Amino acid sequence: MTTLQLDEQGRLRHFLTIEGLSRDWLIRIMETAQSFGSVTAQSVKKVPLLRGKTVVNLFFETSTRTRTTFELAAKRLSADVLNINLSVSATAKGESLLDTIRNLEAMFVDMFVVRHADSGAAHFIAQHVAPHISVINAGDGRHAHPTQAMLDMFTIYHHKQDFEKLKVAIVGDILHSRVARSQIQALKILGVSEIRVIAPETLLPASVTELGVRAFHNLDDGLADTDVIIMLRLQKERMQGAMLPSEHEYFQCFGLTEARLARAKPDAIVMHPGPINRGVEMDSQVADGPRSVILEQVSHGIAIRMAVMALAMGVVQRGAVA
Ligand code: CP
């Protein structure tokens with residue numbers, strides 16, 4: 001996968017997964033995002049780096065945060081953006097994925113941002129596009145959501161700096177979560193000292209400890225002394241059959257409340273990639289409380305996506321405009 005992501009000169013061509021990337025690449029993406037922070041503070045929130053380039057948002061699955069922050073990021077880089085409404089496109093008439101891609105390529109586009117329910121869809125498209133086109137994975141099945149993981153790392157960095165000292169807990173539906181997979185890979189690459197996953201047995205992959213994490217089935221035990229708590233949504237759309245007794249019971253055992261948050265360090269931050277199900281994964285006091293950085297994650301998504309798009313188009317080098 002990495003050889004497809006990086007070209008022969010080691011430059012980012014596609015961004016499909018965190019797996020196999022070096023620590024240096026993750027730092028480079030965050031440094032570049034940091035350099036774009038000032039763009040958001042300007043009255044004219046634009047830089048001309050991708051002027052004349054065309055970015056196609058190709059979302060085969062629903063999205064609020066990822067699609068809109070990719071669109072904003074592309075517009076802040078001055079790219080032209082096409083949002084393909086797949087429910088009214090020819091895909092709904094039976095056109096194959098590859099034919100859709102070939103037709104869009106014929107319109108001289110430069111980048112596809114792809115979300116798809118099938119694991120490997122973005123990788124498949126990257127294998128088939130013309131050499132000048134970049135593909136960015138905006139979430140594929142249960143496999144990966146690399147820009148989400150990078151915006152999460154960027155948010156953690158803003159609060160904690162030294163990754164190597166951190167204990168990070170990821171709570172909830174690990175089994176179906178592409179976000180958790182990408183986060184675990186990124187946290188390991190950045191040298192986090194302890195990564196915990198906390199979930200009922202039915203929502204953990206059978207070989208979870210092979211991912212280099214500690215597994216807990218009790219929320220209070222798992223949260224003890226943690227610096228960062230990442231809550232995940234129950235992905236009911238990917239569950240086959242009953243994997244939980246009820247949402248009420250899930251909240252009783254795994255929902256984050258202020259009382260449970262007291263088990264973590266006093267300065268622990270609470271994260272969630274969204275969308276949140278209040279009263280299922282966490283209660284509103286925590287979601288809207290002083291330790292929640294959930295909306296910061298959304299804001300950081302713009303800078304991280306600007307960084308990934310600019311790096312993939314080769315218009316920035318190591319945090320600075322080329
Ligand atoms: N975090 C995330 O991927 O949210 P959306 O589904 O709204 O894009």
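Q: What makes the approach of R65 to the ligand a polar contact?
A: A polar contact is a pair of N or O atoms within 3.5 Å; within protein, one atom must be able to donate a hydrogen and the other to accept it, and residues adjacent in sequence count only if both atoms are side-chain atoms. A polar side-chain atom of R65 lies 2.9 Å from an oxygen atom of the ligand, so the pair is within 3.5 Å. This is a predicted model, in which local features need pLDDT of at least 70 and side-chain atom pairs count only at pLDDT 80 or more, while totals for chains, interfaces and linings use all residues. Residues are numbered from 1 along each chain as its sequence is written, and side-chain values use heavy atoms, with hydrogens and water left out.

Q: Which backbone atoms make polar contacts with the ligand?
A: A polar backbone atom of T64 is 2.8 Å from an oxygen atom of the ligand. P273 places a backbone N or O atom 2.8 Å from a nitrogen atom of the ligand. On its own the ligand has 250 Å² of accessible area, and the protein covers 91% of it (Shrake-Rupley method, 1.4 Å probe).

Q: Which residues surround the ligand?
A: They are S63, T64, R65, T66, R115, H145, Q148, P273 and G274. A residue is near a molecule if one of its heavy atoms lies within 4 Å of it.

Q: Why is H272 called buried?
A: Buried means under 20% relative accessible area, exposed means over 50%, and partly exposed is in between (1.4 Å probe, protein chains only). H272 has a relative accessible area of 1%, so H272 is buried. H272 lies in the loop between β9 and α11; helices (H or I, at least four residues) and strands (E, at least two) are DSSP runs, numbered from the N terminus.

Q: Which polar contacts does the side chain of H272 make?
A: A polar atom of the H272 side chain is 2.8 Å from the backbone nitrogen of G274. The side chain of E281 is a second partner, at 2.9 Å. E281 is also among the residues that H272 touches, including M231, L232 and R233 (heavy atoms within 4.5 Å).

Q: What makes the peptide bond from G274 to P275 stand out?
A: The bond is cis, with omega near -5 degrees. Most peptide bonds are trans. P275 is in the loop between β9 (269-271) and α11 (284-287).

Q: What makes the phi values of S78 and Q161 stand out?
A: Most residues other than glycine have a negative phi. S78 has a positive phi near 75 degrees, and Q161 has a positive phi near 60 degrees. S78 sits in the loop between α3 (65-76) and β2 (80-84), and Q161 in the loop between α6 (146-160) and β5 (167-171).

Q: Why do S78 and Q161 get their accessibility labels?
A: S78 has a relative accessible area of 17%, so S78 is buried. Q161 has 43% relative accessibility, so Q161 counts as partly exposed.

Q: Why is Q183 called buried?
A: Q183 has 0% relative accessibility and therefore counts as buried. Q183 is found in helix α7 (residues 178-189). Not counting residues up to four places away in sequence, Q183 touches A149, D152, M153, I170, I230 and L232.

Q: How do you know that β8 and β9 pair?
A: Two strands pair if DSSP finds at least two bridges between them. Strand β8 (residues 228-231) is joined to β9 by 3 bridges, so the condition is met. I230 has M271 in β9 as its bridge partner. Both strands belong to an open sheet of 5 strands in the order β7-β6-β5-β8-β9, with parallel pairing. β7 (214-216) and β9 are its edge strands, because each pairs on one side only.

Q: How do you know that β3 and β4 pair, and in which sense?
A: Strand β3 (residues 111-116) and β4 share 5 bridges and run parallel. One bridge joins V113 to I136 in β4. Of the 7 residues in strand β4 (residues 134-140), 7 are buried. The open sheet here has 4 strands in the order β2-β1-β3-β4. Its edge strands are β2 and β4.

Q: What angle does α3 make with β1?
A: About 180 degrees, on a scale from 0 to 180 degrees between N-to-C directions (axes are lines fitted to C-alpha atoms, for helices over the stretch in contact). α3 touches β1 (54-59), β2, β3 and β4.
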